[in-house]
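Work through the following exercises with the sequence and the model side by side, and try each task before reading its solution.

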Amino acid sequence: MGIIGNLQFDWIINLLRGKEKKNPQKSKLFLVLSLHRSGSSATAGVLHHLGVHMGDNLLDADYSNPKGHFENLDFLKINEKILASVGAKWSAPPLRETIISSNFSKCEIRSFLLNQKKPIWGLKDPRTVLTFDIWKSHLEDIADVTYVFVWRSLEESAQSLANRHKYDLIAAREILAAYFENLMYFREKLEKENRDIIDVQFNNLLDRPEDFIKEINLRINQPSDHNLDVIKKFLDKRLKHF
């Protein structure tokens with residue numbers, strides 16, 4: 001490469017470095033990871049009431065979640081597509097090795113994230129526990145991620161799922177066992193990677209929401225008790241299924 005070529009190359013590199021310096025800080029993302037029927041809607045609702053943008057196109061409330069799911073429908077649909085790409089669905093969970101082999105379009109994932117991201121935002125869909133290997137690198141590239149793990153006993157979640165879908169309890173337990181195994185695996189993996197993690201026990205959230213609220217407010221520079229009264233009204237033990 002001649003002198004002119006070297007100068008042009010250096011100019012391009014410096015231009016790119018200048019653009020990197022001008023790039024805004026990463027957005028702040030709260031990703032909820034959970035089993036179905038484990039309290040993830042209540043958790044996502046708390047995030048919403050603390051000012052975390054959970055999406056513009058949300059799954060409607062229904063009899064099982066009368067106060068809302070706070071679940072981004074476009075995110076849900078992509079998760080369903082990822083599962084379908086390997087011949088699976090939410091009620092027939094694939095092995096992690098199978099999901100990893102998926103050739104689902106990275107461009108579709110990136111386009112979705114770029115269109116959805118806000119300065120402070122959140123995503124929630126229990127299917128993500130099955131598809132997380134596909135999402136992980138893209139999420140961490142575009143955002144500063146706090147992983148919110150929602151915990152409820154497998155037996156309680158299975159009973160709630162069986163009640164909602166009129167499933168046999170054994171069948172419901174078998175479905176959610178795959179979710180629970182992945183949830184445990186990713187919790188350990190992310191801790192080893194020193195990622196930012198918040199653990200939420202569903203029953204504790206209902207009894208004492210102050211602890212979780214404080215953790216979220218701390219991460220988005222709000223007073224520790226911001227909107228506590230609003231959230232206490234939102235959380236309703238009477239709506240707990242099983």
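The exercises below move from the whole chain to single helices, a strand pair and one residue, and they concern a predicted model.

**Exercise 1. The chain as a whole**

Task: State how many helices and strands the chain has, and what percentage of its residues is buried.

Solution: Begin with the secondary structure, which comprises eleven helices and four strands. Turn next to burial, where buried residues make up 45% of the 242 residues in the chain. Finally, consider the contacts with a separation of 6 or more, of which 75% are accounted for by residues 24 or more positions apart.

**Exercise 2. The two sides of H10**

Task: Determine which residues of helix H10 are buried, which are exposed on the other side, and what the buried ones pack against.

Solution: First, list the buried residues of H10, which spans residues 210-219; these are Phe-212, Ile-213, Ile-216 and Asn-217. Second, look at their directions around the axis: they cover an arc of only 130°, and therefore they lie on the same side of H10. Third, go to the other side of H10, where Lys-214 and Leu-218 are exposed. Fourth, identify the partners of the buried residues, which pack against strands S1 (27-33), S3 (143-151) and S4 (196-201), as well as against helices H2 (40-49), H9 (202-207) and H11 (228-234). Following H10 comes Asn-221, whose phi is positive, near 55°.

**Exercise 3. The crossing of H3 and H6**

Task: Classify the relative orientation of helices H3 and H6, and describe their contact by residue class.

Solution: Take the axes of H3 (residues 73-85) and H6 (residues 128-142), which come within 10 Å and cross at roughly 85°. Because angles of 65 to 115 degrees count as roughly perpendicular, H3 and H6 are roughly perpendicular to each other. On the H3 side the contact involves Phe-75, Ile-78, Asn-79, Ile-82 and Leu-83, which meet Thr-128, Leu-130, Thr-131, Ile-134 and Trp-135 in H6. By class, this contact of H3 with H6 has seven nonpolar residues, three polar ones and no charged ones.

**Exercise 4. A strand pair and a buried leucine**

Task: Establish in which sense S1 and S2 pair, and decide whether Leu-206 is buried or exposed.

Solution: Start with S1 and S2, which pair in the parallel sense over five bridges, with Phe-30 standing opposite Gly-122 in S2. Strand S2 (residues 120-124) is mostly covered, four of its five residues being buried. Then locate Leu-206, which lies in helix H9. Its relative accessible area is 15%, and since buried means under 20%, Leu-206 is buried. Leu-206 and Phe-234 are 28 residues apart in sequence and, C-alpha to C-alpha, 10.0 Å apart in space.

Conventions
Residues are numbered from 1 along each chain as its sequence is written. This is a predicted model: local features need pLDDT of at least 70, side-chain atom pairs count only at pLDDT 80 or more; totals for chains, interfaces and linings use all residues. Side-chain values use heavy atoms; hydrogens and water are left out. Buried means under 20% relative accessible area, exposed over 50%, partly exposed in between (1.4 Å probe, protein chains only). The arc is that of the directions from the helix axis to the C-beta atoms. Contact means heavy atoms within 4.5 Å. Axes are lines fitted to C-alpha atoms, for helices over the stretch in contact, and angles run from 0 to 180 degrees between N-to-C directions. Angles under 35 degrees count as roughly parallel, over 145 as roughly antiparallel, 65 to 115 as roughly perpendicular and the rest as oblique. Ala, Val, Leu, Ile, Met, Phe, Trp, Tyr, Cys and Pro count as nonpolar, Asp, Glu, Lys and Arg as charged, and the others, Gly among them, as polar. Two strands pair if DSSP finds at least two bridges between them.
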